[in-house]
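Please read the sequence and the three-dimensional model side by side before turning to the report. The text is meant to be followed with both in view.

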Amino acid sequence: MSNEKLDQIEVKLDRLAKILLFQKAILNFDEAVTYTGYSKSYLYRIINKIKHSKPSGKMIFFARKDLDDFLLSNKIKSQQELDDQANNYMMNKPRK
């Protein structure tokens, strides 16, 4: 087999591995790094902001749902939502 074919197979296997990873409910630290796209050092820096477990006192585990909740926290409203909120405020504001 040519090197090009082997490279294509390797890329496809990597994609499949990531798809399977994203189906797991519990992720270890290295899997969480891959899942979030953060570097290891950054994930260590913010680890206390994310729910996690250390059952043996050494290895770190995350529930995928907790990672999702963290990644989707601090939502920023769209311009449409801000406009709607301003319009609702103006329409419901008591007149003097």
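The report below moves from the overall form of the chain to its core, its salt bridges and its surface.

This is a predicted model, in which local features need pLDDT of at least 70 and side-chain atom pairs count only at pLDDT 80 or more, while totals for chains, interfaces and linings use all residues. Residues are numbered from 1 along each chain as its sequence is written, and side-chain values use heavy atoms, with hydrogens and water left out.

**Overall form**

The secondary structure of the chain consists of 5 helices and 2 strands, where helices (H or I, at least four residues) and strands (E, at least two) are DSSP runs numbered from the N terminus. Read from the N terminus, the elements follow the order α-β-α-α-β-α-α. The radius of gyration of the chain is 22 Å, whereas a compact globule of 96 residues would have a value near 12 Å; the radius is taken over C-alpha atoms, and the globule rule is 2.2 Å times the number of residues to the power 0.38. The C-alpha trace spans about 80 × 40 × 25 Å along its principal axes.

Of the 96 residues in the chain, 16% are buried, a class that means under 20% relative accessible area, with exposed meaning over 50% and partly exposed lying in between (1.4 Å probe, protein chains only). The accessible surface of the chain amounts to about 8,200 Å², and 55% of this surface belongs to carbon and sulfur atoms; the areas come from the Shrake-Rupley method with a 1.4 Å probe, and for residues only the protein chains shown count as cover. Among the contacts in the chain with a separation of 6 or more, 43% are made by residues 24 or more positions apart, a contact being defined by heavy atoms within 4.5 Å.

**The nonpolar core**

The largest nonpolar core has 13 residues, and those with the most contacts inside it are F29, L43, I50, F62 and L67. Helices α2 and α3 each supply at least two residues of this core, and the largest share, 4 residues, comes from α2. A nonpolar core is here a set of buried Ala, Val, Leu, Ile, Met, Phe, Trp, Tyr and Cys residues joined through side-chain atoms within 4.5 Å. When residues up to four places away in sequence are not counted, L67 touches L27, A32, Y35, T36, I50 and F62.

**Salt bridges**

Side chains of opposite charge can pair when their charged atoms come close. A salt bridge is taken as a side-chain nitrogen of Lys or Arg within 4 Å of a carboxyl oxygen of Asp or Glu, and by this rule the count comes to 3 salt bridges, which are listed in the table.

| Pair | N to O distance |
|---|---|
| K24 and E31 | 2.7 Å |
| D30 and K40 | 3.1 Å |
| D69 and K65 | 2.9 Å |

In the first row, K24 counts as partly exposed at 33% relative accessibility, whereas E31 is buried, with a relative accessible area of 19%. E31 lies in helix α2, and, leaving aside its neighbours within four places in sequence, E31 is in contact with L21, K24 and I26.

The side chains of D30 and K40 form the salt bridge of the second row. Because D30 lies in helix α2 (residues 29-36) and K40 in helix α3, this pair ties together parts that are 10 residues apart in sequence. D30 is partly exposed at 42% relative accessibility, and K40 is partly exposed at 44%.

In the third row, D69 and K65 are 4 residues apart in helix α4 (residues 64-71), so about one helical turn separates them. K65 is exposed, with a relative accessible area of 56%, while D69 counts as partly exposed at 41%.

**Surface and loop**

M1, L6, I9, L13, L16 and I19 make a nonpolar surface patch of about 630 Å². Patches are made of residues with over 30% relative accessible area and no salt bridge, like charges being joined within 9 Å and nonpolar side chains (Val, Leu, Ile, Met, Phe, Trp, Tyr) within 5 Å. L6 lies in helix α1 (residues 3-21) and counts as partly exposed at 40% relative accessibility.

K51 lies in the loop between α3 (40-46) and β2 (61-63) and is exposed, with a relative accessible area of 62%. Apart from its neighbours within four places in sequence, K51 is in contact with F62 and D66. The C-alpha atoms of K51 and L21, which are 30 residues apart along the chain, are separated by 19 Å.
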